[in-house]
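Please read the following report alongside the sequence and the coordinates. It moves from single residues to the fold and then to confidence.

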Amino acid sequence: MPRMKPIERIREKLLAQRRALFEQVARAADGLRWIDGNTHPETEEEAQEQSIANLLARLDERGNGELRTIDRALTLIEEGDYGTCEDCEEPIPVERLEVLPTATTCVFCAEARERAFGQRRRQGNVGDSSVAFETES
Ligand SMILES: [Zn+2]
């Protein structure tokens with residue numbers, strides 16, 4: 001077997017992750033069909049559609065976000081822009097990409113983003129609790 005370039009290995013990894021996500025949805029949908037078929041035979045079709053819609057809505061929150069980051073990474077690979085930090089435009093080390101193929105920033109910028117996000121969240125919590133305190137007293 002010929003040696004694969006790191007980017008090819010990463011691409012394979014992303015595609016495998018994508019397939020796994022789709023399989024997860026398909027399996028869950030199959031499970032729901034079975035349950036619906038056994039509990040509401042008269043409204044099977046309707047219930048089935050409802051359940052799958054609910055499932056996809058739930059996946060929206062978690063899986064769909066993951067799917068979007070995977071698709072984004074795959075698009076970047078195709079365009080030849082993969083592996084460059086979105087924030088500082090420095091190359092992202094291959095070691096980082098192999099661990100986290102969906103990374104679009106270098107470690108430093110990712111940490112900076114996390115810090116900014118954490119600060120916003122903390123500030124939000126302080127604001128919330130002070131409001132609660134005022135209304136209670
Ligand atoms: Zn960076």
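Glu 98 counts as partly exposed because it has 13 C-beta neighbours inside 10 Å, where a residue is called buried with 20 or more other C-beta atoms within 10 Å of its own, exposed with 12 or fewer, and partly exposed in between, the C-beta atoms being placed from the backbone. Glu 98 lies in helix H4, helices being DSSP runs of H or I with at least four residues and strands runs of E with at least two, numbered from the N terminus. Leaving aside neighbours within four places in sequence, Glu 98 is in contact with Pro 6 and Ile 10, a contact meaning that the C-beta atoms of two residues, placed from the backbone, lie within 7 Å. The C-alpha atoms of Glu 98 and Arg 9 are separated by 8.1 Å, although these residues are 89 residues apart along the chain.

This is a predicted model, in which local features need a pLDDT of at least 70 and side-chain atom pairs count only at pLDDT 80 or more, whereas totals for chains, interfaces and linings use all residues. Residues are numbered from 1 along each chain as its sequence is written.

Two further residues can be set beside Glu 98, with their neighbour counts and a C-alpha separation for each.

| Residue | C-beta neighbours inside 10 Å | Partner | Sequence separation | C-alpha to C-alpha distance |
|---|---|---|---|---|
| Thr 69 | 17 neighbours | Leu 14 | 55 residues | 9.7 Å |
| Val 107 | 14 neighbours | Ile 92 | 15 residues | 8.0 Å |

Thr 69 lies in helix H3, while Val 107 is found in helix H5, which covers residues 107-136.

The chain as a whole has five helices and zero strands, and buried residues make up 9% of its 137 residues. Among contacts between residues at least 6 apart in sequence, 44% join residues at least 24 apart. The largest nonpolar core, a set of buried Ala, Val, Leu, Ile, Met, Phe, Trp, Tyr and Cys residues joined through C-beta atoms within 7 Å, has nine residues, namely Ile 10, Leu 14, Ile 70, Ala 73, Tyr 82, Ile 92, Leu 97, Ala 103 and Cys 106. The elements that give two or more residues to this core are helix H1 (6-39) and H3. Ile 70 touches Leu 14, Gln 17, Arg 18 and Thr 102, not counting residues up to four places away in sequence.

Helix H3 (residues 63-79) has 17 residues and reaches 24 Å from its first C-alpha to its last, which is close to the 24 Å expected at 1.5 Å a residue, the expected span being 1.5 Å times one less than the number of residues. H3 is followed by Gly 80, whose phi is positive, near 80 degrees. In the loop between H3 and helix H4 (94-99) is Glu 89, which has a positive phi of about 65 degrees although it is not a glycine. Most residues other than glycine have a negative phi. Glu 89 is exposed, with 9 other C-beta atoms within 10 Å.

Confidence is expressed as pLDDT, the predictor's confidence in each residue on a scale from 0 to 100. The chain averages a pLDDT of 79, and 68% of the residues score at least 70. Confidence is lowest in helix H2 (residues 44-61), at a mean of 67, and highest in H4, at 94. Over residues 126-137 the pLDDT is below 50, and this stretch has zero contacts in the model beyond near neighbours in sequence. Where pLDDT is low, the predicted coordinates should not be read in detail.
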